Every structure is written in structure tokens, then in C-alpha cells.
Amino acid sequence: MAKDYLLPDLNDARKRDKELSQKVHFSFDSEYEGMGKGLYYYIITHGCQANQRDSETMAGILDALGYAATEDEKKADVILINTCAVRQGAEEKVFGEIGALKRLKTSNPDLIIGIGGCMCQEEETVRTLLDKYHQVDIIFGTHNISSLPKMLHDVYTTRQRKVEVFSKMGDIVEDMPVTRFMSHKAWVNIMYGCDKFCTYCIVPYTRGKERSRYKEDILLEVNQLIDQGYKEICLLGQNVNAYGKDLSNDYGFADLLNDVSATGIERIRFMTSHPWDFNDRMIEAIRNNRNIMPYIHLPIQSGSSKILKKMNRRYSKDDYFALFDKLKQELPGYAFTTDIIVGFPDETDEDFKDTLDAVDHCQYDNAYTFIYSKRKGTPAAEFPDATPMEVKEARLQELNKKVAYYANMNNQKFADQIVEVLVDGISKRNSNTYSGYTPENKLVNFTGTDIRTGQIVKVKITEVLSFSLNGIAVK
Ligand code: 5AD
Ligand code: SF4
């Protein structure tokens, strides 16, 4: 029963202390060595790039314990689901998946099912898992991945369920094993957590306070990736522009961009940028380093200054436009994308029109659009909201139409051009078609011969679609 366990607490997770993060080194007890010999694991990942990267750490830990990966969940001895809590829909999907795993547990009672990630930072989720989903053996939070060896060992030896979720975490765990899921593109965390507290967002609660990794650790990781043949890295943080602020050593994101660029790695991306911390030195670093890709994701969330204020975004529509216009001017040829939420509590037709106008103003290459989803424990969950769901859905559709219009318009400039594509692999739909991304992060499907994943190839664009380009590889 839930009451026997120490449950996470969102109120506790809201607290921020001024203490500098401690760096701790990963290790596990030597008695766990070889624990997974002859056993298989299967990991399901939901959510953002931070979760993708965390799953690579989980895989790395399981590999270090002697387990082997399998693509077939029926063959698995350990199944982990790495969950996302950012919207209700993602959570419902996970509960559905856990429900479906019951069948596997019945046919293999030795199967261990572990649920980790952002959902496990929510008290209500953990209660529900404990009370209603008895097939789950391990529940672990975003701060508890390094405890996987002990949790697994304890389940094997005690046959009791294990719950380990810290609400707060000031530490950075370095040297965790990692098994990357791709061999040419890699995620590199530069910071964890978020202190922005946008009123709709659960992330500052589920991922804790902003804490930056030391530049030496980041650069070491990038250099190792170069040695392993990686072509592209993406520097990750909920808010990369705030990098280094907690370390208070005058070394910020612009400095890090310059140093990462100097490693000589072929392609550098970063996400996500918050308009609040984007300064001129960063623009200069992006412009001056040719291996920093010409692509910026800059979430606007809403075009209404009234709604932005209620969202606690710390900028008005005019502040955003001023930054956006400056970026557009100083970084010609760059692609820009954004995130937009429609139907935030009490968003009026007028407010929504401001959002449409913002899309007209910025003419984004693409936008990730969402209907507001109420997250228990966040301030916006208490805001009155009289707008019916049908109205919100209609707004989303109207917005998506506009987004597609500008996506198509921006893609037209690639017609008949030769672009450089970092190859991701053979297309799932068509076996002699490959896919990959241009420096501007445009998806390209193309035909060619003797092409390998991780190669950068020249492709002549033959057809322009709204959200992708088609072409033929050229020598
Ligand atoms: N409802 C809808 N969308 C949300 N996002 C974050 N929280 C919510 C929420 N409660 C969106 C934001 C963010 C993106 C990752 O997810 O647009 O930038
Ligand atoms: Fe959430 Fe805002 Fe932090 Fe992004 S900046 S993770 S939207 S609180």
C-alpha cells in the first residue's frame, strides 16, 4: 500500500536553495557485478530529449551489470518505462502500456517491471501505481537512476517492490555508464532542471533546480564522442541559455559554445533556448562558429502579452519580437522553430489572435503546438478556465494551418538546391530511400546508392513539402 512508502512531494520539489550543486561519482557495489548475466532488458522511452538521454544512461547501467538489450519485449527479463509528465495525454499512454505489461508478467512471473522518469516525481502517480498496478516492481524518480543496480538487487533478493523518488536533488552524478542509441548523433547534457517556473509547467518540479555541469566534464564527453566517430552533438538543457549561472564563475553559455566549437566536432546543436536569457554574446558565438548549426528553437508559447504574464514567461510579445527580429537580422539563413500552447486558462479570441499574429510576424520554419493540459501542483491548474475544449481544438487546427503555410513557404528556398544531409539511416517506409537532416534541421528523404548512416552527403532537392524535402544524392 502507498502509505508504507516515502512518496514524492511537489511542494518540496518547488523549494530552491542557494547551495552549489555537488558533483558525485557513479559507482555500484562490486557484489552486483554480473547480476544481469544471461538476462535481457527492454526500455520504452517517452518525452523529451532529456528522457532519451536518461534512457541511454539506464541502458548503460544495465549493460554494465551484464544484461543485454533486446528488441522483443516478450524476451525481456527487465522492462523499464521512462515516463513523461508534461501533458495528460503522455501520462494516459503510459498507464495503458503498464496495463498491457500485466499479460507478460503473468506468463513470466520473474519479469521485473520498472517505471521511472517524470511521472514518478508526482505523488498521485506513485500512489496509483502502488495501489492499482501490482505488476510494477520498481518506481524510481528522475534523480534516482544511479540507484538502479541496488533497486534491482533488492527486488531479486527480497521480492518486495522498491520505491525510490527524491523530491529534491542538488547533486550532479558524473561518470554514469551510457549506451547511446545512435552511433552518429549524441545528446550531451549541459545542465539539469529548471528554475523558470512557467505556471503551466511541471518540469521544475519533476527535474529539480537548475544545475550546470562543469565545463571540463562536458568537453571531456564531447572529445570522447569525437574519438568514437560521432558527427553531431546536441547540447541539452531545459533552458540552455542559463548555463553556468549557478556556478557563478563568469563562464556562460556563449563561452561553452565557443569551447565546444573548438573541439572540432562536425555539427553542434542546442536546445532549448528561453528568450529571457538570450544575450548578444551568444548570438556572436553562434554566428562566429561554423560548426554551430543554423537552427534555433525559441519557444514563444503565446503571442498575447496578457497570457505570457499569466504564464510567468518573463517577456511580453514586444520583448520576444525584439529578440526574434535581432536574431533574424544577425543570423541570416537560419531556421527558427517554436513551441506554442493554445487554450491556456481564459485565453480569449483576442489573445488567440495575438498568437496567430505572432506566427505571421515570425514566419517560423515549424512550430510544435499543444493544447494546454492541466498539471496538478502547478499554479495554472488553479486558474479559472471557461473555454470549452471544442473551441481550443478549433484554435489548434487554425494555428496548425498557419504553421504549415509558413513551413512550406520557408522550404521553397531549397527547391533545386544542393544541401548537405547527415544520414540517419534507411527510411522505414521505403527501403531504397534514406533520411537525414540538413544543417537547418530540415528532414530530407532521398534516394542514392552505397550510403551509410553517419555520412554527410550532398543531396539535390527535387520536391518541397511543408515538413520535409525529397531529393537525390549527388556526388
Ligand atoms: N500543457 C501543454 N503544453 C505544455 N508544455 C509544457 N507544459 C505544458 C502543459 N501543461 C509545452 C510547452 C513546452 C513544451 C516542451 O511543452 O510548449 O515548451
Ligand atoms: Fe517548463 Fe518554462 Fe522551465 Fe521550459 S522554461 S521547462 S516551459 S518551466
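**Helix packing, enclosed spaces and two unusual backbone spots**

Let me begin with a pair of helices: α9 (280–288) and helix α11 (residues 317–330) pack at an angle of about 25°, and their axes are 11 Å apart. That makes α9 roughly parallel to α11, where angles under 35 degrees count as roughly parallel, over 145 as roughly antiparallel, 65 to 115 as roughly perpendicular and the rest as oblique. The axes here are lines fitted to C-alpha atoms, for helices over the stretch in contact, with angles that run from 0 to 180 degrees between N-to-C directions. Helices (H or I, at least four residues) and strands (E, at least two) are DSSP runs, numbered from the N terminus.

Before going further, I should say that this is a predicted model, in which local features need pLDDT of at least 70 and side-chain atom pairs count only at pLDDT 80 or more, while totals for chains, interfaces and linings use all residues. Residues are numbered from 1 along each chain as its sequence is written, chains are lettered from A and ligands numbered from 1 in the order in which they are written, and side-chain values use heavy atoms, with hydrogens and water left out.

Returning to the helices, the crossing of α9 and α11 is right-handed, a term used if the near helix is turned clockwise from the far one by less than a right angle, with left-handed kept for an anticlockwise turn. Helix α11 also meets α12 (349–362), and the axes of α11 and α12 come within 11 Å and cross at roughly 15°. That makes α11 roughly parallel to α12, and α11 passes α12 in a crossing that is again described as right-handed. Elsewhere in the chain, the axes of helix α3 (residues 88–107) and helix α4 (residues 123–132) come within 12 Å, crossing at roughly 15°; α3 and α4 are therefore roughly parallel to each other, and their crossing is right-handed.

Now to the empty spaces. On a 1 Å grid over the protein atoms alone, a cavity is a set of points where a 1.4 Å probe fits but cannot get out, whereas a pocket is an open set with protein on both sides within 12 Å along at least five of seven lines, and lining residues have an atom within 4 Å of a point. Grid points are joined across faces, edges and corners, and a volume is the space filled by probe spheres set on the points.

The structure holds one cavity of 30 Å³ or more, and the largest cavity has a volume of about 40 Å³. Its lining is made up of L20, S21, Q22, K23, I172, S212, Y214 and L247. Where does the largest cavity lie? Domain 1 (2–169) and domain 2 (182–293) both give residues to its lining, so the largest cavity lies between them, with domain bounds that come from an automatic or database domain assignment.

The second largest pocket holds about 620 Å³ of space, and of the 28 residues that line this pocket, the closest to its centre are R53, V173, E174, M176 and Y192. α7 gives the most to the lining of this pocket, with five residues. Both domain 1 and domain 2 give residues to the lining of the second largest pocket, so this pocket also lies between them.

Finally, two places in the backbone. A cis peptide bond, with omega about 5°, joins M271 and T272, and T272 lies in the loop between β13 (267–271) and α9. D346 has a positive phi of about 60° although it is not a glycine, and D346 lies in the loop between β15 (335–342) and α12.
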